[in-house]
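Q: Could you take a close look at one helix for me and walk me through how it sits in its surroundings?

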Amino acid sequence: MTVDGSGTGVARPGASVVAGRALELLDAPVTDATLRRYLEGIPGVDAVGLEQRAAGLATRSIKTTSKRLALDRVIELIDLTTLEGADTPGKVRSLVAKAITPDPSDPTCPRVAAVCVYGDLAAVAIDALGPFHAPRARAAGATGIAVAAVATAFPSGRASLAVKLADVADAVAAGADEIDMVIDRGAFLSGRYEQVFEEIRAVKEACRRPDGEDAHLKVILEVGELVTYDNARRASWLAVLAGADFIKTSTGKVASNATLPMTLLMLEVVRDWHRLTGEKVGVKPAGGIRTSKDAIRNLVTVAETAGEEWLQPALFRIGASSLLNDVLLQRQKARTGHYSGADYVTID
Amino acid sequence: MSFLDYAPAPESRAILSLRPSYGLFVDGEFVDGNGPAFTTISPATEEGLAEIATADDADVDRAVAAARKAYDRVWSKLSGSDRGKYLFRIARLVQERARELAVAETLNNGKPIKESRDVDIPLVAAWFFYYAGWADKLDHAGLGADPRPLGVAGQIIPWNFPLLMLAWKIAPALASGNTVVLKPAETTPLTALLFAEILQQADLPPGVVNIVTGAGATGRAVVRHPDVDKIAFTGSTAVGREIARATAGTRKRLTLELGGKAANIVFDDAPIDQAIEGVVNGIFYNQGHVCCAGSRLLVQENVHDDVVERLKQRLTTLRLGDPLDKNTDIGAVNSAAQLERIRELTAAGEEEGATRWSPPCVLPEAGFWFAPTIFTGVQTSSRIAREEIFGPVLSILTFRTPQEAIAKANNTPYGLSAGIWSDKGSRVLAVADGLRAGVVWTNTFNRFDPASPFGGYKESGYGREGGKQGLAAYLAPSGGIR
């Protein structure tokens, strides 16, 4: 897997290559038994130590020039998200406008990486983006904003494989650049690793487009339902083995979402995967990151764990909705020297 | 610009206003010392911070007399709950002045501000709070009803955790009704003198705590003073021996907390990322100036290469530099003398054939600095595997079986601490059982709590500090000492 640095376009191996990747590591056919042997052979996670390390990273003091750099970087890494039952075309257009022009008072403000919506609204988002949509922008030599669609019976994942694949195909056909799928937590927790693996592989296949511009696959582990760090670590490895381009913490729909220790743990997995294979997989914490401070702590954790190279949209995203405005307030403060207030940033 | 080049984030020194010179703290007041004053410096810049008095024998005599008077007339007559009130008050004042104390500690010692701010000073307060609670409960200390204080305690503390070691010594001594003459380390007297100001603020009766500054001669005067009932010392094994000889055959009770050469044992089933963190914390915390530092890494041979590779990668993210910067991980070595010792021992390590590695690291020009260093291919016979380096230097050895790990871990004259990293509970318990070390950490390292006793086996000393056990060093059963 190579990174082209354009923001969203990651060249991906085909599904057969992916299967080969797992076959090579497992040194056996992909079955529950071989996956179990592999995943349960991965060193455990000590919860106290992991949380202590995350707390240590959170004490980094990012000031002045570093803070300004970090704030802009955070915006460039945001998947600006609306995932409500009440979402309408109007709401999505408003979100897209915010993604294109986060801060109307400051033309130097960067744009977010992507907007993230339900699959049925992907077409609305693409239409609203117009020339700013990533593929069109890329053709014109710019970066643009990608459209990510959640799929596979998001957020619960409780549907048949056929329904999930139809969900994905629908979003891909509508032009979604990225698919955020959920894993079947029930299958994972009951030890049916092969089923989780095959589902990810099938979704990856469904992400393919005839023009070769495959949709980018983010695999949501829903760590709040896996509960333990050991589970989260195994699920991360499973998703990476099955061909995920990104591993993502959460749907944002359960009580516990992206915590810093979880993000750290997933970054350790992609760092180890890179050491093992030379391939780079992305990480997306989503849900619960609402302040600039939290977001900057995430950047610190990325840079000091996987490396600064990961601080690009192809390898790190933050799924968030209210975060953007807090970052904009902090940016305005950095520019003007004083805090403005909620009425000086736009709601979407 | 690289994001990882974090902009400077220095803690402000404005909160700290040092006097140009400090006297000795005797009988509740700062008084001049008879010895020649000396300048205490910041080891990070070699900048002078303040003039410090030196106590000679006559000064020590005055301090002991003040302590004796305070013991006889005031402190031994106070109820436990009243002693506790003073200790609670001191604890709260430490918290109130925490930032100032952290800045002073970092300036004078060279340790990173994040350590003095997040570990040292909070623990100092915790120690006083903890022993404040004991002051009126001494009947339950396991020494029978109505245990008695010993009298005047002479306490000598090291430079690696200046204020924390002061708290470890003073809090249990006062809680159990003793009075104190304390000598801080020559290179790090500042926070002890700020602490003297806190005692004045707390209205502690004069003479209950006396602080005499100076070098080895001052410490010797405290140890040899005939009216001292108890000596508590933390420092090197060599000085500990000298003190033991000096107190032998006297009525003085003695506790010693001396050097260490702790083994940090990493098994092949360890939670690997957390183990790496623990190894880093074990030896690079406080520049390795920790008597219980995990200076010998014993790693199971089948994971040696992976552990070393991960460790190296992690070390490249450590930040060495201005100790006052909030992002600094490795500060300055405390003194030129200590730096010289670290250099000498690491040179010996190379001569003995071990492979030396340090991450790319720019050392500041002024001050005393040593890059974090690891040695691979170390044998149990190497000097760097046997002698306490007391610096940011890790010696890596391998083992094959738990039995061999235990044997190698114990194969040292020291026995202060050890660490075990494994996911298997039964193995952890079995190995811990076989280790001759006062503290055994499992899947963590360098964690301290006032409720937990700390102390050594063998040449690491005797006596325990912290917890209920720590009170025994300052109490005698009723009827024992009057």
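A: Happy to. In helix 6 of chain A, the buried residues are Ala122(A), Ala123(A), Val124(A), Ala125(A), Ile126(A), Ala128(A) and Leu129(A). Buried means that 20 or more other C-beta atoms, placed from the backbone, lie within 10 Å of the residue's own; helices (H or I, at least four residues) and strands (E, at least two) are DSSP runs numbered from the N terminus. This is a predicted model, in which local features need pLDDT (the predictor's confidence in each residue, from 0 to 100) of at least 70, side-chain atom pairs count only at pLDDT 80 or more, and totals for chains, interfaces and linings use all residues. Residues are numbered from 1 along each chain as its sequence is written, while chains are lettered from A and ligands numbered from 1 in the order in which they are written.

Because seven of the eight residues of helix 6 (residues 122-129) are buried, the helix is largely enclosed by the rest of the structure. Its buried residues pack against helix 5 (89-100), strand 4 (114-118), strand 5 (146-151) and helix 8 (161-173) of chain A. Just after helix 6 comes Gly130(A), with a positive phi near 55 degrees.

Ala125(A) also belongs to the largest nonpolar core, of 113 residues, and is listed with Val115(A) and Ile179(A) as having the most contacts inside it. Such a core is a set of buried Ala, Val, Leu, Ile, Met, Phe, Trp, Tyr and Cys residues joined through C-beta atoms within 7 Å. Helix 13 (residues 260-277) of chain A gives the most to this core, with nine residues.

Notes: A residue is buried if 20 or more other C-beta atoms lie within 10 Å of its own, exposed if 12 or fewer, and partly exposed in between; C-beta atoms are placed from the backbone. Two residues are in contact if their C-beta atoms, placed from the backbone, lie within 7 Å.
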